[in-house]
Amino acid sequence: MNTTLKLAIGSVIVGAIVLAIKALAWWITGSVALYSDALESTVNVATAIAALIAIRVASRPADASHPYGHHKAEFFSAVLEGVMIIIAALLILREAFHGFMNPVALDLPIEGLLINGAATVINAFWAWLLVTRGRIGKSPALVADGKHLFTDVITSAGVAIGVLLAIVTDWWVLDPIMAALVAVNILWSGAKVVRDSLSGLMDEAVPQDVLDRVRGIISTEAGGAVEAHDLRTRHAGKATFIEFHLVVPGEMSVFDAHEICDQVEEALKTAVPGARITIHVEPEHKQKHAGIVVLT
């Protein structure tokens with residue numbers, strides 16, 4: 001079992017534990033803000049399960065029906081997570097409205113905050129671990145899950161401040177107001193997760209720094225060729241697809257052209273882990289005098 005899959009399973013377990021702790025905090029206090037925090041944790045568990053399924057699908061090797069692999073499955077999970085975050089925020093806004101219209105004093109607020117604080121510490125550590133490992137392993141599902149948990153940590157901190165202010169001032173209306181502010185923050189986070197995930201589904205090109213690195217490698221490692229043009233890139237989970245046309249002298253043998261391609265591919269795979277490279281070799285009369293100039 002690979003590390004990414006282990007982390008995905010761990011997310012389900014950690015999410016269930018945190019949900020139980022936060023539900024307890026809400027149950028003993030009756031706080032709308034703590035309820036909003038617990039509700040977001042319910043989404044955490046659901047999305048962690050979705051991420052686990054997506055990662056298992058994405059890890060499958062290419063087959064006849066999916067010759068390019070199953071990498072994009074993780075983007076579907078990330079989109080689903082973003083949508084569920086937005087739904088949770090809307091539910092919280094509804095509860096905040098009812099709490100604002102009928103504010104009530106909380107039961108055992110300090111005890112509830114301490115219990116909720118323990119869940120926040122667990123979430124903060126796990127969020128950091130997911131984002132760090134997800135970026136190393138190029139797993140958008142894990143990164144999205146980690147970013148969502150970081151939002152949950154911010155949510156919990158805001159909730160704690162709101163409840164403490166309500167206790168100090170005896171203005172219990174601050175409890176639903178804080179819940180509403182938390183919901184707005186969650187809405188922003190959910191929209192960002194959806195936007196980032198859709199870029200992967202739409203075959204967005206690699207970031208500019210990676211593209212510059214690819215162009216530089218082709219220019220320096222394709223010695224013997226004339227030029228490279230029609231460079232195209234896209235990313236899908238752990239895989240980065242790189243395609244371009246390589247122009248070689250017309251009299252060059254197939255063997256020598258293949259050797260150049262092998263050299264370029266090896267360099268690209270070293271610089272861009274998970275690279276899938278397609279090179280179309282063309283004779284010199286196909287030169288466009290544009291694109292990447294090969295250094296000799």
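Which residue forms a salt bridge with Arg 213? The legend to View 1 names the partner.

This is a predicted model, in which local features need pLDDT of at least 70, side-chain atom pairs count only at pLDDT 80 or more, and totals for chains, interfaces and linings use all residues. Residues are numbered from 1 along each chain as its sequence is written, and side-chain values use heavy atoms, with hydrogens and water left out.

**View 1. A salt bridge within helix α7.** Arg 213 pairs with Asp 209, the closest N and O atoms being 4.0 Å apart. A salt bridge here is a side-chain nitrogen of Lys or Arg within 4 Å of a carboxyl oxygen of Asp or Glu. Both residues lie in α7 (residues 208–221), four residues apart, about one turn of the helix. Helices (H or I, at least four residues) and strands (E, at least two) are DSSP runs, numbered from the N terminus. Arg 213 counts as partly exposed, at 36% relative accessibility. Buried means under 20% relative accessible area, exposed over 50%, partly exposed in between (1.4 Å probe, protein chains only).

**View 2. A salt bridge between strand β1 and a loop.** Asp 230 and Lys 288 form a salt bridge, with the closest N and O atoms 3.0 Å apart. Asp 230 sits in β1 (residues 227–236), Lys 288 in the loop between β3 (275–282) and β4 (292–293). The pair links distant parts of the chain, 58 residues apart. Asp 230 is partly exposed at 37% relative accessibility. Lys 288 is partly exposed too, at 46%.

**View 3. The surroundings of Lys 22 in helix α1.** Lys 22 is buried, with a relative accessible area of 0%. Its side chain meets that of Asp 37 in a salt bridge (3.0 Å, N to O). Lys 22 lies in α1 and Asp 37 in α2 (residues 32–58), so the pair ties together parts that are 15 residues apart in sequence. Asp 37 is also buried. A polar contact of 3.2 Å joins the side chains of Lys 22 and Ser 156. Such a contact is a pair of N or O atoms within 3.5 Å; within protein, one must be able to donate a hydrogen and the other to accept it, and residues adjacent in sequence count only if both atoms are side-chain atoms.

**View 4. The end of helix α1.** α1 (residues 3–29) has 27 residues and reaches 39 Å from its first C-alpha to its last. Gly 30 follows, with a positive phi near 75 degrees.

Terms used:
The expected span of a helix is 1.5 Å times one less than its number of residues.
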